[in-house]
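Hi,

Here is the structure I promised to pass on. Have a look at it first, and then read my notes below.

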Amino acid sequence: MPPHLLNRPLVDAIKAELERLLLDKVVANLGLCVSVYDILSVEGGFIFPGEGCSTYKVSFRLLMFRPFIGEVLVGKISGYDEKGLQVSLDFFSDICIPGHLMQIGTVRGEDGRWALKTEDGDELHLDIDDEV
């Protein structure tokens, strides 16, 4: 725990430091950290020689975002370019769908918009704020 946080209540300071370290980061084999859910226990408070910070052993729970393979998610198109679509979920807006991974039949039109060609030959244009 950095010394500048020690004037705050201990649990609040620990939660702030955990959020700084983990929030909006992808943790291997867990997913994207969305929030620190709660702190279960705090032990210690040791200050090691040569360090100005105190060290605690903390048990906590995180709220993670990890869709399983094949899961269907619904988002809104927030932008597009020659590479593909940018999609936003309500809590996460950094999703990119490259053109080569879109549904078969999706092409980029002359006007720069992406469109899905149907079996009838119609084109269903994908515009900003459309749900996908």
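To get you started: in which strand is Tyr37 found? Tyr37 belongs to strand E2, which covers residues 31–47. Before you go further, keep in mind that this is a predicted model.

Let's stay with Tyr37 for a moment. Is Tyr37 buried or exposed? Its relative accessible area is 53%, and exposed means over 50%, so Tyr37 counts as exposed. Tyr37 also has company on the surface: together with Val34, Leu63 and Phe91, Tyr37 makes a nonpolar patch of about 390 Å².

Now on to the sheets. One of them is an open sheet of three strands in the order E4-E5-E6, and the pairing is antiparallel. Which strands stand at the edges? Those are E4 and strand E6 (95–98). Each has a single partner strand, so one side of each has no neighbour in the sheet. From one strand to the next, the twist averages 35 degrees. If you want to look at one pairing in detail, try strand E5 (residues 84–88) and E6: they run antiparallel and are joined by four bridges. You can find Gly84 there, standing opposite Pro98 in E6.

There is also an open sheet made of three strands in the order E7-E8-E9, again with antiparallel pairing. Here the edge strands are E7 (106–108) and E9 (123–126), and each of these pairs on one side only. Neighbouring strands in this sheet are turned by 35 degrees against each other on average, ignoring direction. How many bridges pair strand E8 with E9? The answer is four, with E8 spanning residues 114–117 and the pairing in the antiparallel sense. Trp114 is a good residue to click on, as Trp114 stands opposite Leu126 in E9.

One loop is worth a visit too. Pro67 sits in the loop between strand E3 (54–65) and strand E4 (76–80). With a relative accessibility of 34%, Pro67 counts as partly exposed. Try finding Leu89 from there: Pro67 and Leu89 are 22 residues apart in sequence, and their C-alpha atoms are 12 Å apart in space.

Last, the database side. An unreviewed UniProt entry places the feature "domain: RNA polymerase III subunit Rpc25" at residues 71–132. In the model, the end C-alpha atoms of residues 71–132 lie 13 Å apart. That span is 40% strand and 0% helix.

Have fun exploring, and write back with any questions!

Cheers

Key: Residues numbered from 1 in each chain as written. Predicted model: local features only at pLDDT ≥ 70, side-chain atom pairs only at ≥ 80, totals over all residues. Heavy atoms only, no water. Pairing = 2+ DSSP bridges. Helix = DSSP H or I, 4+ residues; strand = E, 2+ residues; numbered from the N terminus. Axes fitted to C-alpha atoms, helices over the stretch in contact; angles between N-to-C directions. UniProt positions renumbered as here; feature names shortened; annotations may be inferred. Patch = residues over 30% accessible without salt bridge, like charges linked within 9 Å, V, L, I, M, F, W, Y side chains within 5 Å. Areas by Shrake-Rupley, 256 points an atom, 1.4 Å probe, with all protein chains shown as cover. Salt bridge = Lys/Arg side-chain N within 4 Å of Asp/Glu carboxyl O. Buried < 20%, exposed > 50% of the residue type's maximum accessible area, 1.4 Å probe, protein only.
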